[in-house]
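Welcome! Work through these short exercises with the model open beside you, and try each task before you read its solution.

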Amino acid sequence: MTKNPTRYSVIFLTALCLAFAGLAEAAPKKRPRSQNRIGPYGAAFVGQTVYTGDQSANEQALEDILTFNEIPFQNLTSETDDKDIGYQATFGYRFHRFFSAELGLVQYGEMVSKANSELDLGEGFIPAKVSLGYRVGGVLFSAIGVLPINDKFEVYARLGYLFASTEREFISKVEGQTSLSGSAKGDSQDPVFGVGFGWNINQVYTIRAEYQKIDSVGSSSTGSEDLVNYSLGLIVRF
C-alpha cells in the first residue's frame, strides 16, 4: 500500500498538541468555572472506523479476476475487512459555554476487499491474491454545540464539513510478488455529523467519547462509501 501523508500529519499534530499539555498544566488558570472553559484548546482522538456499505459486488469482481479465462483454480475465497483505526488532531476555540469551532486533520483508515485462490498457470497450482482498498482522510471544519450537564460533564453535537481526499487502490500478487497495481484518487466535500460526551477532569483536561457518521464520501473517480467512526479523545486547554 502507498504511504498516506495525511496519517503522518495527524500523528505530528497529535504529538504537538500533547507537547503543549505540560505548558498548559503549569500556566496559571484564572478562568472561573462559570465560564465553562472558554478559550483555545487542542485535541487528539483515536478510534475505530467501520465502513458500512455492502461490498459483495467488489468481492465478486475480485473473484472474477482470479477465474478469468477459465484458469483452473482451487480454494477460492473472498472477504472484506471493513474496520480500521482512525486518527484525528484538532485545534479549537470555545467562544461560549454552548458553542465552539474546530479545525482538524483526520484519517479515517482503510477498508480492504480481497480474494485469494490457487491458480494453475501451467506449472501446478500457485497462490494468487487480488485486493481493492479504499481510504479516506482530509481537513475537517466543525461547529460544536455544547450542553453542559454540570461542572464535570457535558454532551455535544458536531456539524462538520470534510474536505476529503479519497483513494481506491488495486493490487494483484502472485506467489507473494506484486504483478499489477494501480490507484485512483479524488477529492470531495462531505458533511459530517457527530454526537459525543465530555468529562472535564480539571480546568486543563477533558476526555471525549464521540460517534461520527459520513455518507457517500468519495468522488466519481474513486466511487463513494459510507462510514461511521467511534473515537476517544483528550482535550488540552491552553
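**Exercise 1.** Which residue forms a salt bridge with Glu169?

*Solution.* Keep in mind that you are looking at a predicted model.
- Step 1: Start from Glu169 and look for its charged partner; the salt bridge is with Arg135, and the closest N and O atoms are 3.4 Å apart.
- Step 2: Place both residues in the chain. Glu169 belongs to strand 6 (residues 153-174) and Arg135 to strand 5 (residues 125-148), so this pair links distant parts of the chain, 34 residues apart.
- Step 3: Check the surroundings: Glu169 and Arg135 are both buried.

**Exercise 2.** Find the salt bridge between Arg168 and Glu225, and decide whether each residue is buried or exposed.

*Solution.*
- Step 1: The closest N and O atoms of Arg168 and Glu225 are 3.1 Å apart.
- Step 2: Because Arg168 lies in strand 6 and Glu225 in strand 9, their pair ties together parts that are 57 residues apart in sequence.
- Step 3: Buried means under 20% relative accessible area. Arg168 has 15%, so Arg168 is buried. Glu225 has 7%, so Glu225 is buried too.

**Exercise 3.** How do Lys83 and Asp82 meet, and where does their pair fit in the wider count?

*Solution.*
- Step 1: As a reminder, side chains of opposite charge can pair when their charged atoms come close.
- Step 2: Lys83 and Asp82 meet through their side chains in a salt bridge of 3.3 Å, N to O.
- Step 3: Lys83 is partly exposed at 42% relative accessible area, and Asp82 is partly exposed at 22%.
- Step 4: The count for the model comes to 11 salt bridges.

**Exercise 4.** How many aromatic pairs does a search of the whole structure find? Look at the one formed by Phe91 and Phe238.

*Solution.*
- Step 1: The search finds 8 aromatic pairs.
- Step 2: Phe91 and Phe238 form a tilted pair, 6.4 Å centre to centre with 40° between the planes.
- Step 3: Phe91 is in strand 3 (residues 83-96), while Phe238 is in the segment after strand 9 (223-237), so their pair ties together parts 147 residues apart in sequence.
- Step 4: Phe91 is partly exposed, with a relative accessible area of 32%, and Phe238 is partly exposed, also with 32%.

**Exercise 5.** What lies over the ring of Tyr156?

*Solution.*
- Step 1: Go to the ring of Tyr156 and find its centre; the charged end of Arg208 sits over this ring, 4.4 Å from the centre.

Terms used:
Residues are numbered from 1 along each chain as its sequence is written. This is a predicted model: local features need pLDDT of at least 70, side-chain atom pairs count only at pLDDT 80 or more; totals for chains, interfaces and linings use all residues. Side-chain values use heavy atoms; hydrogens and water are left out. Rings of Phe, Tyr and Trp (its six-membered ring) pair if their centres lie within 6.5 Å; planes under 30 degrees apart count as stacked, over 60 as edge-to-face and the rest as tilted. Helices (H or I, at least four residues) and strands (E, at least two) are DSSP runs, numbered from the N terminus. Buried means under 20% relative accessible area, exposed over 50%, partly exposed in between (1.4 Å probe, protein chains only). A charge sits over a ring if NZ of Lys or CZ of Arg is within 6 Å of the ring centre and within 35 degrees of the ring normal. A salt bridge is a side-chain nitrogen of Lys or Arg within 4 Å of a carboxyl oxygen of Asp or Glu.
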